[in-house]
Structure formats: C-alpha cells, structure tokens
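Student: Could we walk through this structure together, starting with its aromatic rings and then turning to the ligand?

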Amino acid sequence: QTGAITLDPGYKNSGSCKSEITFLDGEKGILRYRGYSIEDLAGKSNFIEVSYLLIFGELPTAAELDKFENTIRKYTLVNEEMKNIIDGFPKTAHPMGVLASLTSALTAFNPKSADVNNEKEMYEAVCKTMAKFLVIATWTYRKAKGYPLNYYDNTKGYVENFMQLMFGLPTAPYTPDPVVVNALDKLFILHADHEQNCSTSTVRIVGSSHAGLFASISAGVSALWGPLHGGANQAVLEMLEEIQANGGDADKYLEKAKDKNDPFRLMGFGHRVYKNFDPRAKIIKKAADDVLASLGVDDPILDIAKKLEASALEDEYFKSRNLYPNVDFYSGIIYRAMGIPTEMFTVLFAIGRLPGWIAQWKEMRVNKEPIGRPRQVYVGEQLRDFKAVNER
Ligand code: SDX
C-alpha cells in the first residue's frame, strides 16, 4: 500500500497496531474502508451497509444485511431503569458527558457484554451496541429539551430512527424529511472510521485490558468530546457565529489563528495525518450546498465558511503548514440546517463513528492482541538521595 508504515518489531508495546479496516494516505488525501474508496461508499452505499463492511470486512449480501438489521432490532429496547440515571443529570449537562455515562451504564444492565468468546457472542454484542447506543444518544437531546424519551421504531430504518428518536413527539405524527435522512446517512458514512485517531486508539487500548464493549465505547466518547478532536464540529459553528456577530470579518480571525500569542486556532482546519485536503471535507462541502438548497435554507454562515476557507487556502501560513479543511469544517453547517442543536454535533459524530469503534475493538479482540502498554522516553531526574523536610 502506498504510504504504508513499517512496524518496528516491538510494535506490540509501541502503541501502533496492524489493522485491515481503514487505509488513509495523508499526502494524497486517500481514505478507504476495507479497500473501498470513501467516494464510492458515500455515493453508492448506506450507513448500515458500511457499518457491516467495517465490522465484518465484506459488503453484506441481501440476506446478511437483513439478518444484521433484524438482530439490531432485537436490542432496540433500553432498560427502563436507565431513565433513572438520565434523570439524575441537570438539563444543562453537555450531551457528550451524558452519553459517556449512559454508555458505561449499559454494562450494568448487560453484565455479559464483555463476554465475546465466540463468533455468536461477538455478533450479538455488536448488534446490541449498534442498537442501544443510537437510542441513548438521542435521549441526551430529549433530556435537555425536557421532552419524553422516545423508543426505536422497528418498522423504520436506522438513520430514519435517529430523526424520529430526536424529533418525534407524542402530540403529532412525525415523518422526517427524506433529504435530511439521506444527507445524514452520507454524513454518518463519512464519519464511520478513520484509522487510529485519538478516540479509536482509546477504544482499542481500553478494550485491550478485556474491558467490555460498552465500557470501551464510553471511553471513546470521552476522547471524541475534546475540541481538538470530535468537539471541533461544535467549535467550528461557535467560531463562525462569533465571526458573524463581529461583522463577518473572516480575515481578522485568520490573523488571530496565525498569532502564536493568541490561543485561537482556526477550528475545522488542520489534521494530524492529512497534509492535503481531507477527502471527507470535499464531499461534505458539496453536501452542504445540496442540503441547504433542498431545504431552502439560505444560511449566511455558509458564506462566511467559504470566505474563510478561500482566504486560508491562499494564505502562506496555512499553505506552508499544509493546513486544509478537515471533516469538521462543514459538517456543523449541515447539522444546523437540519435543526440539530450545536451541542449535539459531536454526539452525531459519535453515532457515525460507532461502527468504526466497534470494528477496531473487535479486530483487537479477535486478534488476541496483548494489553496496550505504550512505552516512554524518560527525561526526568536521575537517582538522587532523599532529604528530610528540615534539610530541603
Ligand atoms: C478530527 O486523527 C483523526 O483522524 C481525527 C479525525 C477523525 O476522523 O477521527 O479526522 C477527526 O479530530 C479532525 C480534527 C478536528 N480538530 C480541529 O479542527 C481543531 C483545529 N485543528 C488543530 O487543533 C490541529 O490542526 C489538529 C489538532 C487537528 C492537529 O494538531 P497538530 O498535529 O498539533 O497540528 P500540527 O502539529 O500539524 O501543526 C503544525 C503547525 C503548528 O504551528 P507551528 O508550530 O508549525 O508554528 O500548524 C499550526 C500549529 O500551531 N496549526 C494551526 C492549526 N492547526 C495546526 N494553526 C492555526 N489553526 C489551526 N487549526
């Protein structure tokens, strides 16, 4: 593979790992899930099918897809006692903190979720996690709004259920806009996996101690929450809204981002691996135009984003550092047009990333990888004699 890395013999302890799931080439801006290009999958597949591909390694036959969806439907009820846990949170709690807690709490109601000692147990654990995570993720929004918590509708599709779980109300029938469901399906595919990013590495290392899948995913949610990682999609919107509130002068913020004395960074720009355009950003930028046009939304925030991007791509500071828009730069604009509140943007990232986390955790367990134990370069004090307090 172009861009493949050679693992040092001690890779088992170096924090690197071998994987067959996702390939990305940061120089060329290439992203593939199990060998299929992200462009093909985003354009021709759907989120549940891509989830199956990531987790089991092959695009499913119609029968395999049917079995996968029906097994997920077996587990879409969440134990009613989980509502006592969510009731303990203030309405102002950030949804990612609630989601991390509820995900970990699922272990309490599914004590055997750590037992994945054969293919059947693994398959059931995978489907149970896909089912319950989606439901509790939407509960974080319902709790904040003071709305009743919704149930998954087994007659509807997975992404359509996200919308009805989020926005369905007992007072009137609810049918989500198919434009929104299709756009969300594509966005979830684009977020589904991304090799050994911060949150995925977290899921793998927590799982390497043989902690259960819910506990490992909960750790991944916490890692994703950070504004340098998945929290960036919320931070991008807050940045664009601030630029808009201050007269829309994008270039002033570009200068702030370049000022080393200013902690401000251009959110949604830069990447640890991509030193070229993030291929997902290109697809999402096009989707933003399409979705806003289909929904008849004319959002000046999108114009500010495009102006900011154009200026940054021309700017020597950004060009010399290979800083390009990443997956988070445009996604929030689409979520906002869909009526998703800003504080839920990273929860949507987590829903999209869930199959990737599951796939990577499963690969690590099936390969019987050793417990993660990254080593360090010690740069502290050499041996020295102890001094009693009156000698210090
Ligand atoms: C995600 O890893 C993944 O795959 C993550 C992800 C996934 O799918 O899982 O792709 C999702 O997390 C995308 C990234 C979302 N985060 C943001 O958009 C936050 C803004 N971006 C930056 O914080 C930053 O670019 C990071 C955190 C993404 C990368 O940080 P690095 O690796 O520390 O950046 P770098 O070392 O390559 O930076 C090189 C230079 C530095 O300046 P100098 O020391 O050379 O003078 O570029 C500067 C940085 O200060 N720089 C920026 C910048 N990003 C890097 N300057 C201004 N604005 C920025 N956004």
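Student: How many aromatic pairs does a search of the whole structure find?
Tutor: This is a predicted model, in which local features need pLDDT of at least 70, side-chain atom pairs need 80 or more, and totals for chains, interfaces and linings use all residues. Residues are numbered from 1 along each chain, and side-chain values use heavy atoms, without hydrogens and water. Rings of Phe, Tyr and Trp (its six-membered ring) pair if their centres lie within 6.5 Å. Searching the whole structure on that basis gives 15.

Student: Are the rings of Phe 47 and Tyr 158 stacked, edge-to-face or tilted?
Tutor: Planes under 30 degrees apart count as stacked, over 60 as edge-to-face and the rest as tilted. The centres here are 6.0 Å apart and the planes are at 40 degrees, so the pair is tilted.

Student: How many residues apart are Phe 47 and Tyr 158?
Tutor: Phe 47 belongs to helix 3 (residues 47–56) and Tyr 158 to helix 8 (residues 158–167), with helices being DSSP runs (H or I, at least four residues) numbered from the N terminus. The pair links distant parts of the chain, and the separation is 111 residues.

Student: Which residue offers a backbone N or O atom 2.8 Å from an oxygen atom of the ligand?
Tutor: A polar contact here is a pair of N or O atoms within 3.5 Å. Side-chain N or O atoms of Lys 260 and Arg 265 lie 3.0 Å and 2.8 Å from a ligand oxygen. The backbone atom belongs to Gly 268.

Key:
Polar contact = N/O pair within 3.5 Å; in protein donor to acceptor, adjacent residues only side chain to side chain. Helix = DSSP H or I, 4+ residues; strand = E, 2+ residues; numbered from the N terminus.
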